[in-house]
Structure formats: C-alpha cells, structure tokens
Amino acid sequence: MKLVHSKETPFKIPYTDPDVVNLLTRRLISIIGESAKDQRIVIVCIGTDRSTGDALGPLVGTALSRHNSSLFDLFGTLEEPVHAMNLDETLARIRHQISMPFIIGIDACLGQVSSVGCIQVGKGPVRPGAGVNKELPPVGDIHMTGIVNVGGFMEYFVLQNTRLHLVMRMSEIIAQSLYTAITACKSSSTCAAAQD
C-alpha cells in the first residue's frame, strides 16, 4: 500500500469511466509489448484480507487465479496473500524460480480526494507500505494501483474504513484488463501493433 508520489505520471482513469477496461487494456498492451519481450510475466498482488482497503491486491489475485492460466505466474490471493510479513521471501522465491521475470506489481494506495476510485498503470515498481510508513522492497517492472481512499492522516484507520464495494469493483476491472492484455500480448501481432 502506497501513497501516490511518482516522478513519471502514470496513466490514471476513474473506475466509473464507461471505457475503463478497454483503456487500461490498451495501455497495458503498449507497456507489456514494449518492455516484456520474451520474459516470463509474473503478477505480484500485494495486500491483506484483514483490511478492507488493503484487500485490493489479494482480490485481484483471486480473480486472476480463476483463469488458471499458463500465460503468467501469480503470487498473492485471498487464500495465500503477499504482505509485509512475507514479501521479501516471495520476491526471493520468484528470483530463484523464474529466470528474468517481468514483474507486474498490484497494490492499493491512498491519494487525494479527487483521485479516490482511480486506477493507475505506470512503469516502474509499486512501493508497498509507503502510505503507512513501512520500509518494504519495491515490486515490479510496472505497476497497477487502485486509489482506494484518502491519504495523509490516520492511514490504518482510513484503510479499515474503506468501502468494500469500491475495492471489489476496482479489483474486477484490474483483473479483467490485465488478463485481457496479457492474453493479447501472447499474440505477437497484437503487441507488435501496439508498439507502432
């Protein structure tokens, strides 16, 4: 879970936008096609089911796990979450098991009032724990985050009092766009077209 502060501005769109899945999918195809090449895609969904606001990652992971896809490796579900206590171990396991992985980090974040409900896609890692002043390793070659609530004051309390409907809906959108983009990128013509 992180507060939104980044040098490069990520692509950001409200989850209520009628074309949100299509726009996120196109952005992901562009980034994955440009960056992943022949690397194995690994999705790391960070968070815990013990906090409504921080459950975004595990909800995305659970939704993706239903596809039982061989197109990517998945870490972080409601059943087996990736969180502060096991993140280092999970990243070490990925480095040991997968040669040159292309990691997509998924996490909830806090932001400004006007950004709550927005989903972001950006190059570079997500920085889990930054919003609640935890020192955790950065995760991902690219990241997707959902701004679930307002940051800046009493973050743990804010995360506990985040609407479940918002988190559920955002997780469905992220999972759908990510799965669609990865499936499309396994067709080299789609990713090649995205790079032009």
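In the predicted model, isoleucine 32 touches Lys37, Ile41, Phe102, Ile104, Ile142, Ile182 and Cys185, when residues up to four places away in sequence are not counted. A second, separate core comprises 12 residues, among them Val44, Leu91, Ile103 and Val139.

Ile32 also belongs to the largest nonpolar core, which has 42 residues. Together with Ile43, Ile104, Ile106, Met144 and Leu178, Ile32 touches the most other members of this core. At least two core residues come from each of the helices H1 (20–35), H2 (56–65), H4 (155–160) and H5 (164–185), and likewise from each of the strands E3 (40–45), E5 (101–111), E6 (118–123) and E7 (142–150). The greatest contribution is that of H5, with 11 residues.

Helix H2 was examined further for burial. Nine of the 10 residues of H2 are buried, and the helix is therefore largely enclosed by the rest of the structure. These buried residues are Leu56, Gly57, Pro58, Leu59, Val60, Gly61, Thr62, Ala63 and Leu64. Their cover includes the strands E3, E4 (73–75), E5 and E7, as well as helix H5.

The cysteines were considered next. Zero disulfides are found in a search of the whole structure. For cysteine 118, the closest cysteine sulfur is that of cysteine 109; the two sulfur atoms cannot form a bond because they lie 9.5 Å apart, which is too far, whereas a disulfide requires sulfur atoms within 2.5 Å. Cysteine 118 counts as buried because its relative accessibility is 8%. Cysteine 45 likewise counts as buried, at 0% relative accessibility.

Conventions: Residues are numbered from 1 along each chain as its sequence is written. This is a predicted model: local features need pLDDT of at least 70, side-chain atom pairs count only at pLDDT 80 or more; totals for chains, interfaces and linings use all residues. Side-chain values use heavy atoms; hydrogens and water are left out. A nonpolar core is a set of buried Ala, Val, Leu, Ile, Met, Phe, Trp, Tyr and Cys residues joined through side-chain atoms within 4.5 Å. Buried means under 20% relative accessible area, exposed over 50%, partly exposed in between (1.4 Å probe, protein chains only). Helices (H or I, at least four residues) and strands (E, at least two) are DSSP runs, numbered from the N terminus. Contact means heavy atoms within 4.5 Å.
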